[in-house]
Amino acid sequence: MNADQARRAARAHGLTATLTTMHDTLPERVLPCGPSGCCVLPEPALHDVIGVWTAGTVAVLDPAAVERLGRVETPDGPLAAVRYRGAPGPAGVPAPWSDWLARLAGLRLGLSEALLDATVAHLGDRRVGDTPLLLQQLIKGALADAVTEQIEIKIQLTGTPPPAESLVALHRQITMTDRMLLRLLGASGFTADGPGAVVNASELLADAWIGGEGWVP
Amino acid sequence: MIELDDRLGTARVHARDWARDLRGTALELDRDPDTVYRCLDNPAVRHLSRMLIPERWLPDRTLIGGYRFDGMTAMERVVFAEEIAAGDAGMLLASPGASLSGVLIDLLADQEQKEWFYGRLLAAPTWTFFALTEPDHGSDAGAMGTALDPDGEGGLLLRGAKRYIGNGARAQVGVVFARDRPGPLGATAVLVDTGAPGFKAEPIPTIGLRGAQLSAITLDGVPVPAARVLGRHLSPTRRGVWSGVQMFNRLRPGVAAIALGIARSAHDYVAEQRSSLSKAERLRWERTGRRIDGVRQLIWQAAAIVDAQPANGHLASAAKARAARLAEEVTLEALEYFGPGARLTQPMLDKLIRDARGVEFMEGTGNIQRLNTFQGLVQGKIGRD
């Protein structure tokens, strides 16, 4: 699965199904942990892993070193958040880190695109006076900005993926685009069973593997 | 990611080389727009003066890196525009050549009109202008007040005023949009010789992009031969608003590339003038570089779409709005690397900041572009597959 396939899958089938496929299509049954050992996956994906990404390479997993951090709620059910605390083993093959970040960006962009679809539908249904909110110029402008960001990101994820540092920047751009769209949804984007919950989960995925704005890899 | 083929990659390398010379004259042109007359031998200026002249009229064009470039595609124009604007956007806009009018000539002119227009350009360095915007109506073609009326002897007369017209005061020929009848199909473009009686153009002092020499044009009964009406061989539908839409779609990625070039120039300036950056500054500078790279990809995609489907300018609008904003952001951010007083002590950076403001309203303001982007979104024409 490449980044563009992840994007299309996420837009059509959602977060959990796409993340499951992304994990299933890794070359080995691994826990693909980020630089600080964190990882978020559907619960079933944790059951049969034998390897782990640690210190940039693929190592043998020590099950006792897997710490449960909690759950990430999504409309399809919770994801499991874990941290691997095992000591790095002897240097193994390099973990396909950039590829994973690219697919993750594709997944998150697909969710963002689905959010845009939902936002356009929502604003088309709501009215202020006799006019749909969708036809208010401020709304049009905000939607134009969001779709521009999404297309800019999509072009960079198509074909050869960019280097890891550029992918980190793209993840930040996806987060900011999602926030632009959430502002158009008002309180309906803030409810635990609404579109804002997917955005929250998407941001948590980025946090697990990349970290916040100021973090330096 | 989009990557340039060898031909366009070669263009980029050559144009980047030309741009170095432009930096040397950028501040001089900013102070004195007539500087362009002393720069006609600059390879970038020479190239711009020959752009948008089709091969048929210029078969022995100088090759660049073994390739022929005539500027007839948006993709080619954006590659050159970014690099030349990174040298000096003012000079790009000050240069002689077909410029904006060239795209309309390609769309609308008949054989005789092309002979006349390209003949003028090839005979000597010739500046052109494109006049749509009006003092009271902006670029709203539907409200256009400039009139094109019969003179009673088989010819026509132009009456009205145009404003913010690049190169208006130094041009020898140009295109004027005017109304020849009421209604939405009443807009017509005509070729005008600036030496004709009743034509007057005066520069309008501006904050930046002074090389462009924006001008106010007065048309006081300017005689126009009937043979200079563009698209006279086409239906009124195709020579009016349709042609304007097609033309602006084709040009918009190039304007976006000018903005990108200004942003990149400011970004490069930081690296050149600040030999050692702190770790935090280095990270910030690299992050800005990635934003520039992302917008470049967007512009290339927009140019490719316009070349393939000239009626689809929605992504071109998105790219133009995004790039204009980027130019303002990056030039202002560059100040942060130099501390208080940077606009006074770094004149080149000060110029870039002023120039960046000028791109916002070229070919439509950011808000107009966003409305056009929105139309592309709701009509499914902006490439979200």
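Start in chain B of this predicted model by selecting helices α3 (residues 74–94) and α8 (residues 279–308), which pack with their axes 8 Å apart at an angle of about 150°. Angles over 145 degrees count as roughly antiparallel, and α3(B) and α8(B) are therefore roughly antiparallel to each other. To see where they touch, show side chains for A74(B), M75(B) and V78(B) on α3(B). Across from them, on α8(B), pick I299(B), W300(B), A303(B), A304(B), V306(B) and D307(B). Colour this contact by class and you get eight nonpolar residues, one charged and no polar.

Stay in chain B and move on to α9 (residues 314–334) and α12 (residues 366–378). These helices pack at about 145°, again with axes 8 Å apart, and their crossing is left-handed. On the α9(B) side, select H314(B), L315(B), S317(B), A318(B), K320(B), A321(B), A324(B) and R325(B). On the α12(B) side, go for G366(B), Q369(B), R370(B), N372(B), T373(B), Q375(B) and G376(B). Colour by class once more: the α9(B)–α12(B) contact shows four nonpolar, eight polar and three charged residues.

Now bring chain A into view and look at where the chains meet. Here 24 residues of chain B are in contact with 21 residues of chain A. You have already visited some of the elements involved: α8, α9 and α12 of chain B each give two or more residues to the side that touches chain A. Which helix gives the largest share of that side? Select α8(B), which supplies eight residues. Taken by class, chain B's side of the interface has 13 nonpolar, six polar and five charged residues.

Next, hide chain B and colour chain A by domain: domain 1 covers 3–84 and domain 2 covers 97–209. If you place a marker at each centre, taken over C-alpha atoms, the two markers sit 22 Å apart. Between the domains, 24 residues of domain 1 are in contact with 26 residues of domain 2 of chain A. On the domain 1 side, the elements to highlight are α1 (3–13), α2, β2 and β6 of chain A, which give two or more residues to the surface touching domain 2. The largest share, eight residues, comes from α1(A). That side of domain 1 has 15 nonpolar, four polar and five charged residues.

While you're in chain A, pull up its open three-stranded sheet, with the order β2-β6-β5 and antiparallel pairing. Which strands stand at the edges? They are β2 (38–42) and β5 (66–72) of chain A, each with a single partner strand, so one side of each has no neighbour in the sheet. Look along the sheet for its twist: neighbouring strands are turned by 30° against each other on average, direction ignored.

Zoom in on β2(A) and β6(A), residues 79–84, which run antiparallel and are joined by five bridges. For a landmark, label V40(A), which stands opposite A81(A) in β6(A).

Last stop: the helices that lie on this sheet. Select α2 (residues 15–24) of chain A, and you'll find it lying across β2 and β6 of chain A, at about 110° to β2(A). Then add α6 (residues 195–209) of chain A, which packs on the sheet and touches β2, β5 and β6 of chain A. The direction of α6(A) makes about 140° with that of β2(A).

Terms used
Residues are numbered from 1 along each chain as its sequence is written. Chains are lettered from A and ligands numbered from 1 in the order in which they are written. This is a predicted model: local features need pLDDT of at least 70, side-chain atom pairs count only at pLDDT 80 or more; totals for chains, interfaces and linings use all residues. Axes are lines fitted to C-alpha atoms, for helices over the stretch in contact, and angles run from 0 to 180 degrees between N-to-C directions. Helices (H or I, at least four residues) and strands (E, at least two) are DSSP runs, numbered from the N terminus. Angles under 35 degrees count as roughly parallel, over 145 as roughly antiparallel, 65 to 115 as roughly perpendicular and the rest as oblique. Two residues are in contact if their C-beta atoms, placed from the backbone, lie within 7 Å. Ala, Val, Leu, Ile, Met, Phe, Trp, Tyr, Cys and Pro count as nonpolar, Asp, Glu, Lys and Arg as charged, and the others, Gly among them, as polar. A crossing is left-handed if the near helix is turned anticlockwise from the far one by less than a right angle, and right-handed if clockwise. Two strands pair if DSSP finds at least two bridges between them. Domain bounds come from an automatic or database domain assignment.
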